[in-house]
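Subject: Structure for you to look at

Hello,

Below is the structure I said I would pass on. My notes on what I found in it follow underneath.

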Amino acid sequence: MRTILKGKIENGVKIGVYLTFSKSDDVSFLKRVANVIQEHLFLQEHLFAIGTTGANASTQPSSPVDPNAALRTVNSFIICASSFDHLDRARLLSGSKFLGRIVSAKDDLDARQWVAGVLDLGVHPYDGDALWDVVRKSVRSSADPFVPPTGSRSADEMLAEARVHLNRLTPQQAYDELRGSMIDAPAFLVDIRPAAQRDMEGGIGGSLIIERTELEWRFDPRSDSRLAIVDRYDVRVIVFCQEGYSSSLAAFSLQLLGLYNATDIIGGFAAWRAAGLPVDAPSIPQYRRR
């Protein structure tokens, strides 16, 4: 009851944070507390974060070979809520607040509770404020969360805008262009897919493998990290991804750098392979794809 009385109202929702010293069976104790909170606030929206602090049976040195190493404890922590939305937000925010410290987690959706093990909960002065920040932000809502902010664009709108600036190529057109001499400037085929996707699907021999996160720095003639071949702005860069969506955004990004000859392949690698053009076999065999 004391936990409920100390709670606050935020956006019409009763919120609270409660930390207590570790018990002999922390999880069972905290679940009893959470159940009492939920029973008393059955008719009221609520979100509470409760946990134990201090040493318990899990306490051990952070280094087994250093006798002077600091002790570390896995403390129990439960979030209970009246709303699955509030519970989910609080769970995700907790992960961001306690980076590297949540060692176990389990959803109890029937009880609308989330149970976690957190390293040294309450030892840091930051922890209490962090938990209050979690519950406050988890119940906060804008006037209408479904109305996008002024000036924002959807992913489809961004894609359509990018493609307005591109003279996109079919796989066959790209293949013919790379083999021919119709373009005066150097032309390169660039695979921006992540390694896991290349391993799973295969690749195109001779293409440059530049993952999306590095593309602009590798192809900006102004960049110290540019490729040696990128010493001119009229270089022809033909980008492909798996299906031809992210490649359009990537090619347009290169155009913004001044590489106005950049474009991409319609349908991406999947379309290239379907067209019967040369591909490298995937490194992960079909029978292992589970």
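This is a predicted model, and I begin with its four-stranded sheet. That sheet is open, its strands pair in parallel, and their order is β10-β9-β11-β12. β10 (208-209) and β12 (263-264) are the edge strands, each pairing on one side only. Between β11 and β12 the parallel pairing rests on two bridges, and one partnership across these strands links Ile 238 with Thr 263 in β12.

Two helices go with this sheet. α9 (residues 246-256) packs on it and touches β11 and β12, with its direction at about 155 degrees to that of β11. α6 (residues 171-179) lies across β9 (187-191) and β11, and runs at about 145 degrees to β11.

For this part of the chain there is also a record: UniProt, in an unreviewed entry, places the feature "domain: Rhodanese" at residues 183-281. In the model that span is 30% helix and 14% strand, and its end C-alpha atoms are 29 Å apart.

One loop residue here may be worth a look. Asp 220 sits in the loop between α8 (215-219) and β11 (236-240). Is Asp 220 buried or exposed? Its relative accessibility is 13%, under the 20% limit, so Asp 220 counts as buried. Leaving aside residues up to four places away in sequence, Asp 220 touches Arg 226, Val 230, Tyr 233 and Leu 257.

Now the other sheet. It is an open sheet of six strands with mixed pairing, in the order β1-β2-β3-β6-β8-β7. β1 (8-10) and β7 (102-108) are at the edges with a single partner strand each, so one side of each has no neighbour in the sheet. On average, neighbouring strands are turned by 20 degrees against each other, direction ignored.

Going through some of the pairings: β1 and β2 run antiparallel and are joined by three bridges, with Lys 8 partnered by Ile 15 in β2. Two helices pack on this sheet. α3 touches β2, β3, β6, β7 and β8, and its direction makes about 150 degrees with that of β6. α4 touches β1, β2, β3 and β6, at about 160 degrees to the direction of β2.

β2 and β3 pair in parallel over eight bridges; Leu 19 has Gly 51 in β3 as its bridge partner. The connection from β2 to β3 passes through helix α2 (residues 26-40), and this β-α-β crossover is right-handed. On to β6: β3 pairs with it in the antiparallel sense over five bridges, and Phe 48 stands opposite Cys 80 in β6.

How many residues of β3 are buried? Eight of the eight are, so the rest of the structure largely encloses this strand. In a regular strand, side chains alternate between the two faces of the sheet. In β3 both faces are covered: one side carries His 46, Phe 48, Ile 50 and Thr 52, the other Leu 47, Ala 49, Gly 51 and Thr 53, and all of these are buried.

The largest nonpolar core has 20 residues, of which Ile 15, Leu 47, Phe 77 and Ile 79 touch the most other members. Two or more residues each are given to this core by β2 (13-21), β3 (46-53), β6 (74-81), α3 (84-97), β8 (113-119) and α4 (126-139). α4 supplies the largest share, six residues.

Ile 79 has this set of contacts, again without residues up to four places away in sequence: Leu 47, Phe 48, Ala 49, Leu 87, Ala 90, Arg 91, Ser 94, Arg 112, Gln 113 and Trp 114. Apart from this core lies another, of 17 residues, including Val 230, Cys 241, Leu 254 and Leu 259.

Last, a residue in helix α4: Val 134. Val 134 is buried, with a relative accessible area of 1%. With the same sequence neighbours left out, Val 134 touches Ala 90, Leu 93, Ser 94 and Lys 97. Val 134 and Arg 89 are 45 residues apart in sequence, and their C-alpha atoms are 8.4 Å apart in space.

Regards

Methods. Residues are numbered from 1 along each chain as its sequence is written. This is a predicted model: local features need pLDDT of at least 70, side-chain atom pairs count only at pLDDT 80 or more; totals for chains, interfaces and linings use all residues. Side-chain values use heavy atoms; hydrogens and water are left out. A nonpolar core is a set of buried Ala, Val, Leu, Ile, Met, Phe, Trp, Tyr and Cys residues joined through side-chain atoms within 4.5 Å. Buried means under 20% relative accessible area, exposed over 50%, partly exposed in between (1.4 Å probe, protein chains only). Helices (H or I, at least four residues) and strands (E, at least two) are DSSP runs, numbered from the N terminus. Contact means heavy atoms within 4.5 Å. Two strands pair if DSSP finds at least two bridges between them. A crossover is right-handed if, with the strands pointing away from the viewer, the path from the first strand over the helix to the second runs clockwise. UniProt positions are given in the numbering used here, feature names are shortened, and annotations may be inferred rather than shown by experiment. Axes are lines fitted to C-alpha atoms, for helices over the stretch in contact, and angles run from 0 to 180 degrees between N-to-C directions.
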